[in-house]
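Subject: Structure handover

Hello,

Here is the structure for you to look over. My notes on what turned up follow below it.

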Amino acid sequence: MGDWSEINYDMLVLIAKRFNLIEDYLNFASVCKSWRRAATNENFNTNLRRVPWLMLAEEEGNSSRQLVSFYNGGMIMKKKIPKASGKRCMETMGWLVTVGKDEGEISLLHPFSGVHIELPHQNTTKNYHTHYQTGELWTYFHKAVLSASPSETSDYVLMVIEGVDWRGQVLVCDIESNQTQVVAQLAREYDGEELYIVESLGTLFIVVRHGVGLRCITDDSERIPLTFTQDDIFDDLDEELTYGTTNIRVFEVDLVTGELTQTKELGDRAFFIGHNASRSVQFPGIKPNHIYFTDDYWESYLSFEEGGGLDMGVFNLADGTILPFPHYKGVSLSPVCPPTWVTPTLY
């Protein structure tokens with residue numbers, strides 16, 4: 001057999017255009033230089049549906065991360081991502097926003113290509129969780145990614161972004177003017193909730209996840225195999241504490257009237273939520289009308305020595321049941337970066 005690198009360029013282009021999954025396309029591009037030259041943005045169908053992979057926590061002494069696919073039989077991909085080592089990672093548009101021990105040390109990392117972009121050092125007096133949710137860091141990210149590959153990100157040249165804050169306010173932010181408008185208000189119960197915003201087929205949804213805050217154990221089934229780190233706040237508390245998702249509610253947002261309508265019907269779509277840009281997905285092997293969630297409520301999991309990673313699963317929106325992931329039965333824990341969703345994209 002001849003040298004694979006000597007295959008005719010036109011033939012390589014024909015092969016590249018037949019890939020249905022972006023991860024296969026990325027693997028094709030990594031074979032050798034001649035194959036990479038054929039794996040351009042123009043030769044890939046960027047309209048193909050993309051399904052998040054579960055990036056497991058970092059293993060001690062190993063810069064490689066395992067990524068688990070939920071739509072092709074639990075396939076596991078190993079990627080060396082040394083720039084993410086020891087850092088908290090939040091995913092958006094296929095990129096990881098990484099935060100180092102110095103909370104002002106923020107960078108962008110494309111895990112499937114290794115492209116790394118340093119962002120201007122942020123004010124360390126600000127809590128990065130709050131800062132990350134403002135338009136300022138997103139604008140840095142937006143400009144940096146456009147600069148790295150304008151053709152790939154042309155679909156993301158947006159003038160406004162929508163979000164939801166901790167008070168339940170649904171916000172529309174104009175990037176150019178940096179002006180923010182409240183368009184709807186969700187009534188909060190404050191029982192340890194986490195809020196997410198998801199766009200699905202042109203409709204905006206707010207997802208409310210209950211039970212993620214610390215609470216006292218009321219039943220043996222709530223007990224979790226983690227070591228509680230004593231805190232001054234809990235010095236006088238004799239009861240055991242736990243946390244974990246108990247229910248998820250979904251509200252459809254009318255941006256014109258500001259009305260919020262609860263729904264238990266996502267049609268043939270599934271939502272993926274966690275430390276990632278929430279996604280709506282339709283794909284064989286992904287359960288419709290379900291919500292796939294990861295452990296992202298750091299206020300709770302940092303109360304345990306082992307960190308987060310236990311509160312993960314699949315929520316059935318129709319009947320309220322929670323099942324473990326279908327293709328990952330292991331335990332992956334970390335106080336720095338628990339498992340999170342990562343969506344394969346071209347850089």
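In this predicted model, Leu54 is in contact with Gln66, Leu67, Val68, Phe70, Thr294, Phe325, Tyr328, Pro339, Thr340 and Trp341, not counting neighbours within four places in sequence. Leu54 also belongs to the largest nonpolar core, which has 43 residues; Leu54, Met55, Phe70, Ile286, Tyr292 and Phe325 touch the most other members. At least two residues of this core come from each of α1, α2, α3, β1, β2, β17 and β22, and α2 gives the largest share, five residues. Domain 1 (1-48) and domain 2 (49-342) both contribute, so the core lies between them. Another core, apart from this one, has 13 residues, including Tyr196, Val250, Phe293 and Phe315.

On charged pairs: the structure holds nine salt bridges. Arg209 pairs with Asp296, the closest N and O atoms being 3.3 Å apart. Asp296 sits in the loop between β19 and α6 and Arg209 in strand β12, so this pair ties together parts 87 residues apart in sequence. Arg209 also forms a salt bridge with Asp311, here with the closest N and O atoms 3.0 Å apart. Since Asp311 is in the loop between α6 and β20, that pair ties β12 to a part 102 residues away in sequence.

Are these residues buried or exposed? Arg209 is buried at 0% relative accessibility, Asp296 is buried at 3%, and Asp311 is buried at 8%. Salt bridges with shared partners join Arg209, Asp296 and Asp311 into one network.

Arg223 and Asp220 form another salt bridge, with the closest N and O atoms 2.7 Å apart. Arg223 is partly exposed at 37%, while Asp220 is exposed at 59%.

Regards

Definitions and conventions
Residues are numbered from 1 along each chain as its sequence is written. This is a predicted model: local features need pLDDT of at least 70, side-chain atom pairs count only at pLDDT 80 or more; totals for chains, interfaces and linings use all residues. Side-chain values use heavy atoms; hydrogens and water are left out. A nonpolar core is a set of buried Ala, Val, Leu, Ile, Met, Phe, Trp, Tyr and Cys residues joined through side-chain atoms within 4.5 Å. Buried means under 20% relative accessible area, exposed over 50%, partly exposed in between (1.4 Å probe, protein chains only). Helices (H or I, at least four residues) and strands (E, at least two) are DSSP runs, numbered from the N terminus. Domain bounds come from an automatic or database domain assignment. Contact means heavy atoms within 4.5 Å. A salt bridge is a side-chain nitrogen of Lys or Arg within 4 Å of a carboxyl oxygen of Asp or Glu.
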